[in-house]
Amino acid sequence: MAFTTVGKRLGASVGAAMLVFAFGGAGCGRAWAQSAAPSASPPSAGTTLQRIQASGVVVIGHRESSMPMSYVANGTPMGYSVDVCQLIAQALGRHLKLRETKVAYRLVTSSSRFDAIEKGEVDLECGSTTNTAARRQRVAFTIAHFIASSRIVVQSDKPYSRIEDLDGKTLASTAGTTNIDSLAREAATKSVRVRIEPAKDHAEGFGWVVSGKVEGFAMDDVLLYGLRASHTKPQDLKVIGKPMTIEPYAVAFERNNAELKAVVDAELRRLIQTRDLHRLYDKWFTQPIPPQGINLGMRMPHLLVDSLKYPSDYVPQ
């Protein structure tokens, strides 16, 4: 596994006003680098911090095809969420007073990501993961750094513009995501009969639409636009329907570790207050990105802009 050295960078954590805001609707093994010099005393709690202090390595769980959040291009993990996690890794190194902090990467999927955290295989899960009440029974989440909504991609030449037009059709969504449940719930609410086929990952579900195996693929809109933009003929596909859910994306990590949570939340607030997060957003959503130099042209949505004014990890569901 390749390691990335994360340089030490000073930056004070900046407190921010907290306001509760509601969201509607909704193969690499672990590798270790040479240990950095330990600090005078061990972390007060939590196996994640103990592992990082002993090894000097922060292990980031990344995705393969969640462009532009977390994906692999030319063999390198990258994306908006990955960049956020690299900065969190720096903050963890400063907190533990490490001489040098390194980053290692481990590929996870929608189905394996939470197991990887619980087993200690990854320290930070940096993908396109929604903070939900059910998931908080297994992992903790940072302040949301992105807000998506669940929609459906279909072939452009098909006469579909809303979920009602897909009555009696077969649709897909990725196994282990919130989108399968939200799709079923939306169909039931609107009395639409659909068969839902679980895909192993986003690329497979999207490919099924391209090949005609299914009529539509339900997923977070930002991922659908990323998949569409990277397709050889993006004009052949369209994203349809009203948002079925609101999906607050956040970094997932070890649960019941107050010291760890305090560090990662303080770093997110610092990124927001300094507008470094806004600059990262522009890098991945309004500028050409690897490997094909596509530009999603997605300005920061108003819901995310408003939520960043009052950063909070509170999500009612």
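Okay, let's start with one pair of residues: phenylalanine 146 has tyrosine 249 in β14 as its bridge partner. Before I go on, keep in mind that this is a predicted model.

So where does that pair belong? Strand β14 covers residues 246-249, and 4 bridges join it to β9, with the two running antiparallel. Strand β9 itself spans residues 146-155. If you're new to this, strands of a sheet pair through backbone hydrogen bonds, either parallel or antiparallel.

Now, β9 has other partners too. With β12 it pairs in the antiparallel sense over 4 bridges, and there serine 150 has aspartate 220 as its bridge partner. With strand β13, residues 237-240, β9 again pairs antiparallel, over 4 bridges. The pair to look for there is valine 153 with valine 239 in β13.

Is β9 covered or not covered, mostly? Mostly covered: 10 of its 10 residues are buried.

Next up, the core. Phe146, from our opening pair, is among the residues with the most contacts inside the largest nonpolar core, and so are Tyr80, Leu92, Leu124, Phe217 and Phe285. That core has 65 residues. Which helix gives the largest share of this core? That's α2, residues 80-95, with 9 residues.

Let's zoom in on leucine 124. Leaving out residues up to four places away in sequence, leucine 124 touches a whole list, including Cys85, Ile88, Ala89 and Leu92. Val58, Val59 and Ile60 are also among its contacts, and so are Val251, Ala252 and Phe253.

Okay, on to some empty space. The largest cavity holds about 70 Å³. It's lined by 14 residues, and the closest to its centre are Arg113, Ser128, Thr177, Asn179 and Asp220. You've met aspartate 220 already, as the partner of serine 150. Two elements give two or more residues to the lining: α4, at 178-189, and β12, at 216-220. What classes of residue line this cavity? The count is 2 nonpolar, 7 polar and 5 charged.

Last stop, another sheet. Here 3 strands form an open sheet in the order β3-β4-β5, with antiparallel pairing. Why is one side of β3 and of β5 left without a neighbour in the sheet? Because β3 (65-66) and β5 (76-78) stand at the edges, each with a single partner strand. Between β3 and β4, residues 70-73, there are 2 bridges, and serine 65 has tyrosine 71 in β4 as its bridge partner.

That's my tour, thanks!

Note on methods
Residues numbered from 1 in each chain as written. Predicted model: local features only at pLDDT ≥ 70, side-chain atom pairs only at ≥ 80, totals over all residues. Heavy atoms only, no water. 1 Å grid on protein atoms, 1.4 Å probe; cavity = no way out; pocket = protein on both sides within 12 Å on 5 of 7 lines; lining within 4 Å. Points joined across faces, edges and corners; volume = space filled by probe spheres on them. Nonpolar A, V, L, I, M, F, W, Y, C, P; charged D, E, K, R; others polar. Buried < 20%, exposed > 50% of the residue type's maximum accessible area, 1.4 Å probe, protein only. Pairing = 2+ DSSP bridges. Core = buried A, V, L, I, M, F, W, Y, C linked by side-chain atoms within 4.5 Å. Contact = heavy atoms within 4.5 Å.
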